[in-house]
Amino acid sequence: MELGGLFANLSLGLSVAMTVQNLFWCLMGAVIGTAVGVLPGVGPTATMALLLPATYFLPPEGALIMLAGIYYGSQYGGSTTAILVNLPGEASSVVTTLDGHQMALQGRAGPALAIAAIGSFFAGTVATLAIAMAAPPLTKLAQQFAPADYFSLMALGLVFAVVLARGSALKAFGMIFLGMLLGLVGTDVNTGNTRFTFDISDLFDGLGFVPLVMGIFGIAEIMHNLADPQRRDLATAKISGLFPTMADIKRSIAPILRGTALGGLLGILPGGGAVLASFSAYTVEKKLSATPEKFGTGMIEGVAAPESANNAAAQTSFIPMLTLGIPSNAVMAMMIGGMMIHGIIPGPQVMEQRPGLFWGMIVSMWLGNLMLVVLNLPLIGIWVRMLLVPYRLLAIAILFFCCIGVYSLNNSANEVLIIALFGVIGYLLMKLDCEPAPLLLGFLLGPMMEVYMRRAMLLSRGDPWVFLQRPLSLTFLAIAVLLMVFILLPNIRRARETAFQE
Amino acid sequence: MRIKSGQDFAAGLLFIAVGVAAFWIGADYPMGTPQRPGTGVLPRILAWCLIGTGALLWLKALLVEGPNLTRWAWRPVIMISLATVAFALLVDRLGLVVAMLVSMTLAALGTPQTRWLEYAVFTLVMVAIGVGMFVYGLRMPIPIWPKDLPGALSWN
Amino acid sequence: MRRRVFLGLAGATLAMGFSTHALAQTEAWPQRTVKLLLPYAPGGATDAIGRPWADKLSQAFGQQFVVENRGGASGMIGTEAAAKSAPDGYTFLLTPNAPLAVLPSLRKTPYDPVKSFDAVGRVGDVINGFVIHPSVGVKTFNEMVEYAKKNPGKLTYGSSGNGTSTHLRLEMLKYKTGIDILHIPYRGGADTLNDVLPGTVHMMNEPVSLAHAKAGKLILLNVNAQVRHPDFPDVPTLTELGITGADVPIWFSIFAPAGTPKDIIAKLNAKMIEIAKTDDMKAKMIAVNAVVPLQSPEDMAKHLLADIKANAELIKAANITIE
């Protein structure tokens, strides 16, 4: 797109986004989104569903701007709980807990939160520009992906999950398999059969991600910490500075750039690329680092890259929705719902028929990011102070928020029972030194992999070679295999040494 | 043969147990054809993978020194579980306030260092925040008091 | 004796009082917020059709008609919740026909489609049809059938899931024309569209595809309805193409839990018909590819029975199972 055309479009967008009304809705969305993201369990989907009827009375631009604000606002907020209390608010913040929370325990919650916000803002800016300049070609790129390619990408993602693990690779594998098995609970999309549901209709759609996370991360963590709250209080009592040091910033630049690029590209895939964004970025940083073994103990690159990646992916996931009317996830589906309420049929004509809406939304996305950074940075001081609350009280508060967050998702008390169950299971896993992150990734990726594999096999009429024939698929699988070899070699060598010693 | 790592042994046991259970529950799921893999294919593959991983962990537990199992903190585990279950069972029937009070008290009972006066003040504040934020602020259809059920929504 | 007369009079007065009270209740209905349960996750086709109706009903009655999404299990969870709700006229089910007319023939449902609900009124019938990707090279329905006959099993069709209405439409097409098309199940219309737009899969039959047909990216071959779609005047209906009784309609409607007072149902139905006749509602519905037939609750109940029967026969004939 030539610069002249781009300017014209952006100024149109600016004129729409900068009206007092739309700025107000943008701010509202950002604030609500942040609050929602910080509250564990309550996610953007539930909030948007609640506010959708209210937006009926707003003009379409205002409504969509606010809904969008809620979405990426929640990405900002989700990292806050991940860092402070090891409780990821969203799938995308799971990876942030790995190093982010460790940093908090070392008194460096401030820098972690700050870098997360700054990285997210940078990523949001770049992604908005990408949308403005290259939405149609990026969409075409996304359309090159066939089911076989998605399968191989997810397989690569699973290998990433092993790389993520800090400790024993064997246990990481076990956790991935366990997670995949949990992901299979529910109805099999391809046939309509139910698996592992024991005829409980609440389980027909599978275990919810949020209850699982709340249980394994939230409740289990509370149980573990309550055994000795003093120890936890001591750890978080020392706060060394709210701002990142120059060294922090220097170390974060490259991860932020890499994370943005990776997340931005993965976000355009409607078939579920955004999920992979944060932990692919983390894995890349770990592999590129001179000190990979320190990942998981509070490396700031482990916060900068995933946070940038997931914000970039959140923004670019608007592309398939805006250009084709295809939602990449539940949130986009909600946005489409919002459009339809206002009589706007999402699809290819939106860009031509309502350019004001289209470009207005894009510009306001950037404005929203700006507002969020301005909002969140000063809040860091408050968040960090929260850590000083004695754990015996903080734990009760976290417990309550987990319960009500999960309950509010579907107005279902049964889901709260699930978090109790997974709390105990999570505690057991902690005792066995099995990390939860690979389990969650297996949970997310396993079912998707299965769906894509079967679809690919159907389309290829049963020919398994299709995975190696498509160039994209082949590339991903090749990288996966190489990575596996790199992971397993040192382990096998060590095992042989030990065996020889006996 | 001595178990050199209690932790690894227990982890292996967990994986094998889950793998066997998954295999057994999923034994009847249709397998389909290689062309159209059926419902039971992936569960069975995963069951085998889990059993295999568990077996390898057992091997490791017998060969390599590692940490043993640490004590299980029964009181927090039981009380927190009860607190969560209590919330789930009470919130629909007796409203948010009762559910919160009961569940938070159970949690406090599970905390070894609860100071009861501090707890009382804290709880009241939390209940106020909870009701204010979720029911009035976010307008979620959660019943507040027992007499509100069923049907009527609290803010109408 | 006097006491008995007195008691008798008192009893009669009380009884009258109660019945006028009850009458007054239904006269005054609705007196507080009415809940419309939608058994699907927010943002889908049911929302697109249901929410404008909720809005109009709120305006018409002066009381809030609130949409509550209760998605899951292909509509079973929300439908079950509605079936178990109190039949006091303050909870209704707004749903496509699938959970009631299709699902019970495929699996055991925790409700009875006929006994658990009382029909209230029609909300909208979706008009859409089979679309095909231009890369296949066919431009009309008959060309597509010819192509499929010459190349059995080559064409692929994406549905929104095994046992959904869109799956049934494919089976009906295959059954009536004898052609062989490969069925690929997806998770909803948007998921299908994702693979149909680049041509990875050739055909689909979902409302979401119509916007793309209008933009020329996909070709609409026919409409599964009694009337042609106003935006596509050249596209014939199945009946015009000579294929009768093959519609597998997707229709949205409101049901009440069984036992809801008849006058409340009648009142709601009358208002719905009134709204359906307005130009504003007609325009809103066409925008989401729907038309609203005007039907009384009794006729609607008969329509449901006929639909259940037709679907059950198709399921049996085409051997559709949730394996």
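Buried area is the accessible area that two parts lose on being put together, summed over both. Keep that in mind for the exercises below, which work through a predicted model.

**Exercise 1. Describe the interface of chain A and chain C, from its extent to its chemistry.**

Step 1: Start with the area. Chain A and chain C bury about 3400 Å² between them, and carbon and sulfur atoms account for 59% of it.

Step 2: Count the residues. On the chain A side 38 residues are in contact with 43 residues of chain C.

Step 3: Look for specific pairs. The rule finds zero salt bridges across this interface, while two residue pairs are in polar contact, both at pLDDT 80 or more.

Step 4: Find the elements involved. Helices H3 (44–55), H7 (147–164), H15 (330–341) and H20 (436–459) of chain A each supply at least two residues of the side that touches chain C. Of the elements, H15(A) gives the most, with five residues.

Step 5: Sort by class. The side of chain A that touches chain C has 22 nonpolar, 12 polar and four charged residues.

**Exercise 2. Do the same for chain B and chain A.**

Step 1: Chain B and chain A bury about 5900 Å² between them, 78% of it on carbon and sulfur atoms. Here 69 residues of chain B are in contact with 62 residues of chain A.

Step 2: Now the pairs. The count between the two chains is one salt bridge. Lys171(A) forms a salt bridge with Asp8(B), and their closest N and O atoms are 3.2 Å apart. Four residue pairs are in polar contact across the interface, both residues at pLDDT 80 or more.

Step 3: On the chain B side, the elements giving two or more residues are helix H1 (6–25), helix H2 (41–63), helix H3 (74–109) and helix H4 (116–137). H3(B) gives the most to the side that touches chain A, with 16 residues.

Step 4: By class, this side of chain B has 47 nonpolar, 13 polar and nine charged residues.

**Exercise 3. Compare the surroundings of two salt bridges, Glu450(A) with Arg195(A) and Lys150(C) with Glu146(C).**

Step 1: Over all chains, the structure holds 23 salt bridges. In the pair Glu450(A) and Arg195(A), the closest N and O atoms are 2.8 Å apart.

Step 2: Place that pair in the chain. Glu450(A) sits in helix H20 and Arg195(A) in strand S2 (residues 194–195), so the definition of a strand as a run of at least two residues is met. The pair links distant parts of the chain, 255 residues apart. Both Glu450(A) and Arg195(A) are buried.

Step 3: Turn to chain C. Lys150(C) and Glu146(C) meet at 3.7 Å, N to O, and both lie in helix H5 (residues 141–150), four residues apart, about one turn of the helix.

Step 4: Check accessibility. Lys150(C) has a relative accessible area of 63% and is therefore exposed, as exposed means over 50%. Glu146(C), at 48% relative accessibility, counts as partly exposed.

**Exercise 4. Check the span of helix H19 of chain A and list its buried residues.**

Step 1: H19(A) covers residues 413–431, which is 19 residues. From its first C-alpha to its last it reaches 28 Å, close to the 27 Å expected at 1.5 Å a residue.

Step 2: Its buried residues include Ala413(A), Glu415(A), Ile418(A), Phe422(A), Tyr427(A) and Lys431(A).

Step 3: See what comes next. Asp433(A) follows H19(A), and its phi is positive, near 60 degrees.

Terms used. Residues numbered from 1 in each chain as written. Chains lettered and ligands numbered in written order. Predicted model: local features only at pLDDT ≥ 70, side-chain atom pairs only at ≥ 80, totals over all residues. Heavy atoms only, no water. Contact = heavy atoms within 4.5 Å. Buried area = accessible area lost by both parts, 1.4 Å probe. Salt bridge = Lys/Arg side-chain N within 4 Å of Asp/Glu carboxyl O. Polar contact = N/O pair within 3.5 Å; in protein donor to acceptor, adjacent residues only side chain to side chain. Nonpolar A, V, L, I, M, F, W, Y, C, P; charged D, E, K, R; others polar. Expected span 1.5 Å × (residues − 1). Buried < 20%, exposed > 50% of the residue type's maximum accessible area, 1.4 Å probe, protein only.
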